[in-house]
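Colleague: I would like to learn how to read a model with several chains, going feature by feature. Could you take me through one?

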Amino acid sequence: MKGGFLLRGLDRGGLIFLAIVLGVGILVPALNLLVPPGNPFHVPGYAVSLVGKYLCFALLALSIDLVWGYCGILSLGHGAFFALGGYAMGMYLMRQIGARGVYANPELPDFMVFLNWKELPWYWYGFDQFWFAAIMVIAVPGALAFLLGWFAFRSRVTGVYLSIITQAMTFALLLAFFRNDMGFGGNNGLTDFKDILGYPVQAAGTRATLFFASALALALGFLLCRAIIRSKLGKVLIAIRDAESRTRFLGYRVEHYKLFVFTLSACMAGVAGALYVPQVGIINPSEFSPAQSIEMVIWVAVGGRGTLIGPVIGAILVNFGKTYFTAAIPDFWLFALGGLFIAVTLFLPKGIVGAVTDWTKRYRKTPSRPDPVAPKPAE
Amino acid sequence: MVLRRLLYALALACALLAPVQPAIAQADTASLIQALGEAKNYTELEQAVDALAATGDSAAVPALEALSAGALYTKKLGGAVLIGVERGADLALTDPLTGESAGTEPAGGYERIRVNNRLRRALRGAIGALTLLSPKPDVRQAAAEAVYKNRDAGALEILEEALAKESVASVRVAMIEAKAAIQLAGEADDATKLAALEIIEKRGGRESLALLGQVSANASPAVAEAAQAAVKKIQAELQWWAILQNITYGISLGSVLLLAAIGLAITFGVMGVINMAHGEMVMIGAYTTFMVQEVIRTSFPALFDVSILIALPLAFLVAGAVGVAIERGIIRFLYGRPLETLLATWGLSLILQQAVRTIFGPTNREVGNPSWMSGAFDIGQISLTYGRLWIVVFGLIVFAALMLMLRRTPLGLQMRAVTQNRRMAASMGIRTPWVDAMTFGLGSGVAGLAGVALSQIDNVSPNLGQGYIIDSFMIVIFGGVGNLWGTLVGAFTLGVVNKFLEPYAGAVLGKIFVLVFIILFIQVRPRGLFALKGRAVEQ
Amino acid sequence: MAGNTGAKFLTGLLVGASMLAGVAVGEARAQDTIKVGILHSLSGTMAISETTLKDVMLMLIEEQNKKGGLLGKKLEAVVVDPASDWPLFAEKARELISVHKVAATFGCWTSVSRKSVLPVFEELNSILFYPVQYEGEESSRNVFYTGAAPNQQAIPAVDYLAKEEGVQRWVLAGTDYVYPRTTNKILETYLKDKGVAAADIMINYTPFGHSDWQSIVAEIKKFGSAGKKTAVVSTINGDANVPFYKELANQGIKAEDIPVVAFSVGEEELAGIDTAPLVGHLAAWNYFMSNETAVNKEFIKQWQTFIKNPKRVTNDPMEAHYIGFNMWVKAVEKAGTIAPDAVIDSLVGVAVPNLTGGMSAMMPNHHITKPVLIGEVQADGQFDTVWSTPGLVVGDEWSDFLPDSKDLISDWRKPMSCGNFNVKTGKCGGKS
């Protein structure tokens, strides 16, 4: 039944997208593992971890698009959900190190040992079990989003006020996680992981598996979002985005819909963070910084909000640009990145996907039909 | 002219005082000054300083002052000790005893006599003791304070002598306190100590506390007990001052926040542009100040004290011009799409930061404090710094000027009209694009003014703006978008709250509490402290 | 969403992916140069400190090429910008090693950036030179620590204050991150071992970039008025220092009354402040620009010519890169190859001149020997050396003043080859 819900309303574009994501998910690790280095078809390990990271960012961008593109909630705090998911996974990985830390302490992570912690804080209990960590990856960001959303949507905090309080939330968490007294490793965060589920994190096989898991998560996230926006629920969400008061007057409990989609989106961001951490090898408070969250929103805007493929493309494109320019023009890459953001907002208000859609429509001279998901100013 | 006359009077006074000292002392002083140059290490140098102080000869003061300031040199050949002032690669030399010029010579031939903190302390005491008999009351006052701080028993004799001659009441009090301090810290019978204790207790304040803390460690039980009681009394008094101090610090922090936020209250609050480049406008203002000071340093050093005043209008114009350019170039295409202005201005802020980094380099730039903005003064037990005080005043002036401009000028009227109802305003013949550009320019210009003020207390670096942008948004949101009064109240409230939390929760937790407080507050009043009412709200 | 348009973007996505592969494949250029990676932030919050180190590396590489390069090949600098973004450091390190095939990397400033790249250097077996004073508690086969460990900076500074200034009461003020936390833990134990009462130690942490110091400076003043000589040991980082010192100066805290000794404030940081009111405050480093040695004067001249600014200052981490780079050059010449394993082995025992006039040597624990200098701030923004250790001090990676690290030692020479050997249990930790 659930599968039916997810697959309902898949059209050709969606199918092609899924095929490509899963294809990349299988092909890249396969070419990395099976083809010997030196062969032109060999994918180096460097590219695997890089694209793996992009896939996590793509899933994160998708989660932002779900609330911003389809429900008009601009969250400037999604980095917090991403980071919380990452921390949950990081805590599991830290516990897996066990006695192999430099101080050979079986219980405590290294950073607690040299800061003279005597025992494990209570909130670290349970993270030695993968299942527990996996639940926390979803539950912690979800709970925080639920709490914030429950207060904010009930009080009808909207528009830019909501954006700023989500920013305040991530900023407060940033400061909190920076504190060494919190027991999350302070500024250094969690790092130097050894194994995941018994397999060494740095092994090529583990990397390939994580890569595939990220691709799979992105595909599932895409299916879920697609199913939601094609359902009746999705129609209500779009109605809220376009005219919130009117939807309320029609008898819909706007705050419930918003709360649901906001929480779901936070859970997705948490999953993205959890997959990101073992591939990058570090989670630290800088992920909470408001600038990161703003950048995430920009990925969505560049790709095109209110489309599901757009954020994926935007996340990959912007991050690829960052990777490329920081090495090619290290002294001037911020000009390129900043210029890109300005150019996109000025010349491609609907993002890359929106622009291409408009362009092909004009080119084909098909009679224009009302686009069900055209983005409009939210508020 | 007046100054010159004063100098003559001073010289005359010195000449009158000089015969009091025996002629032998002069020769002695000269050889002791010479000994300063011969000291092999800090310990020997300290002994030489003590020996100079023991002569009681005020002629040694210039040499000691120069030593303390690191301007006393020995000639590598012959070892003559001279006061030197650097003139490029040369030294302008004067004789420390006679004050006569000894010509200008290459610095390479001289070695500076180095001092460390311990020596500076010894010097402070020595200079204090030697200037207790100075004809100028303020010098005597400073000398008494220095003796009080150092509590050097050797100064007691000269202090008594000075006390006997002293006629100015305030200086007298300082000398009595200094004497009491020496008696308390040194060897004296219990009765003397108890009497001294009373004087110190009356003086109060932190420094007395330090002295009393020292006393109770090595004194007879009776004195120790009395000292403990005095400590308790002073501490209780200081508690009240601490509260007052938190309020003043809060107001000071509030004024910084106000300055940082007020430009944003216009671009974001009034115009609705989510201006992430606001911090960079502040940064531009700070760099303008730096440029102004650079020019003044190289070309018109005499004007340094007014450099800030020159920088103010320039910073306003430069930041304002950049603001107008941004509005014309980018923002005007984005009206009605507020959330997208966020993205464009974010990109812009990256570019501006990198541009400044490319032009001025990534390191901090030095912006000096003019003399009227440095230092501190005491009100009771609170020390207020002039810099901070001027920033509070400046913040309020900017706020008042802005209110006047919005309420009382035609441009202000047009601005309010355009932001309230653009189409109606246009129909009434207002050139809305021009008003938009001016409004954005005004907000940016005010941010530039804030930059001038912040350059006095913070780093002037490409990251300057980043540190204030989030706080600024919080304040505008907290106060209520579109209401300048809200920004004013918001800034001062958050400043004071922050400063009250800080001593108990620490700086980090204090800030977290403030953020959580804002989040919760917005739930109660979703549109801030002073919400705009009426149709304009539900656009 | 029309399906066919969707397909177009997906093609784009594939193109993007293939471009990536292109970046990765573009490595197969002729190996006529030896590449040296420079991994310092050129943007973001750390650019303020790290950009200088990038420039000094470029200068050193240029000088080496003037001398004929290395092993008959020219050196080529590969500069990337990790943008003060810690995960990006790991990504860029991977890129430097696997795409650009650098022979060694010079980089990082903050502890977190080093922690972030450490697994990458170990996995891909490459060499990192880390030039900044740090908290210790780490020793990796692939990392060479040319900055000071706590025993090369913090402990001598405290000794100096206690002995020369008679300090009995201590304020340990720092930014809340791992370096200050660890240093203060070490100092706290050290001071308590020396008989300082707990009531005479005040520890205070502030966030990064803290700019409003009024309350804390007032607090320090209050703490300093208990009748005992008080000093502040500051591990305040980067940007927060300027407002801190400005507030100190404004509130009239003079070095004669409450001296502040800093471990993160050098010539470069002071260049942004009017130092006249700060004269006498202290810093502990292993190098000061004011050293009067010929080799230092030559280095300063070279630097100011290279950067085309006769006023630019030099500082301790720059010297660390100078030492580290020369050590690497010497070790490569000794090994006759740039192969990481050979160079790592030949680096231990290499000695090169430092800028204070001695010879610094790479020890088996991958830390170097350095002189410890205490300097007082002068009105011209320079430090005047008021005290120095009689000889060189060996960097101690595992502090003797932390209960769990005092039994650990590190020796990367064969046959031990262990970064955290426990002398009590006789086991090498961290190995499964």
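Modeller: What follows goes from the domains of one chain to the interfaces and then to two details of the backbone. Please keep in mind throughout that this is a predicted model.

Colleague: Let me start with the domains, then: into which domains is chain B divided?

Modeller: A domain assignment gives residue ranges, and the ranges are best read together with the positions of the parts in space. In this case chain B has domain 1 at residues 21-118, domain 2 at 131-219 and domain 3 at 242-537, and the C-alpha centres of domain 1 of chain B and domain 3 of chain B are 50 Å apart.

Colleague: Where in chain B does UniProt place the feature "transmembrane region"?

Modeller: Such a feature comes from a record, here an unreviewed UniProt entry, which lists residues 249-274, 306-326, 338-356, 387-406, 433-453, 473-497 and 504-524 of chain B. One can then set an annotated span beside the model: residues 387-406 of chain B are 100% helix and 0% strand, with the end C-alpha atoms 28 Å apart, while residues 473-497 of chain B are 84% helix and 0% strand, with the end C-alpha atoms 17 Å apart.

Colleague: Turning to the interfaces, how many residues of chain C are in contact with chain A, and how should I read the area?

Modeller: It helps to take the contacts, the buried area and the polar pairs in turn. Here 59 residues of chain C are in contact with 60 residues of chain A, and the two chains bury about 5,500 Å² between them, 64% of it on carbon and sulfur atoms. Five salt bridges are found across this interface, including the one between Lys54(C) and Asp331(A), whose closest N and O atoms are 3.6 Å apart, and 15 residue pairs are in polar contact, both residues being at pLDDT 80 or more.

Colleague: Which helices and strands of chain C each supply at least two residues of the side that touches chain A?

Modeller: They are helix H1 (3-25), strand S2 (74-80), helix H3 (86-99), helix H4 (111-123) and helix H6 (178-193) of chain C, and the largest share, 13 residues, comes from H1(C). By class, that side of chain C has 28 nonpolar, 14 polar and 17 charged residues.

Colleague: How much area do chain C and chain B bury between them?

Modeller: The same sequence of steps applies. Chain C and chain B bury about 4,100 Å², 42% of it on carbon and sulfur atoms, with Gln214(C), Asn250(C) and Glu256(C) losing the most area on the chain C side, together 15% of what that side buries. The contacts involve 52 residues of chain C and 47 residues of chain B. There are nine salt bridges between these chains, one of them joining Arg114(B) and Asp384(C) at 3.0 Å, N to O, and 19 residue pairs are in polar contact, both at pLDDT 80 or more.

Colleague: Which element of chain C gives the most to the side that touches chain B?

Modeller: That is H7(C), with six residues, and the residues of that side divide into 19 nonpolar, 18 polar and 15 charged.

Colleague: Finally, what should I look for in the backbone?

Modeller: Torsion angles are the place to look. A cis peptide bond, with omega about 5 degrees, joins Lys414(C) and Pro415(C), and Pro415(C) is in the loop between strand S17 (408-411) and strand S18 (418-422) of chain C. In chain A, Asn116(A) has a positive phi near 65 degrees although this residue is not glycine, and Asn116(A) is in the loop between helix H5 (110-114) and helix H6 (130-154) of chain A.

Definitions and conventions:
Residues numbered from 1 in each chain as written. Chains lettered and ligands numbered in written order. Predicted model: local features only at pLDDT ≥ 70, side-chain atom pairs only at ≥ 80, totals over all residues. Heavy atoms only, no water. Domains from an automatic or database assignment. UniProt positions renumbered as here; feature names shortened; annotations may be inferred. Helix = DSSP H or I, 4+ residues; strand = E, 2+ residues; numbered from the N terminus. Contact = heavy atoms within 4.5 Å. Buried area = accessible area lost by both parts, 1.4 Å probe. Salt bridge = Lys/Arg side-chain N within 4 Å of Asp/Glu carboxyl O. Polar contact = N/O pair within 3.5 Å; in protein donor to acceptor, adjacent residues only side chain to side chain. Nonpolar A, V, L, I, M, F, W, Y, C, P; charged D, E, K, R; others polar.
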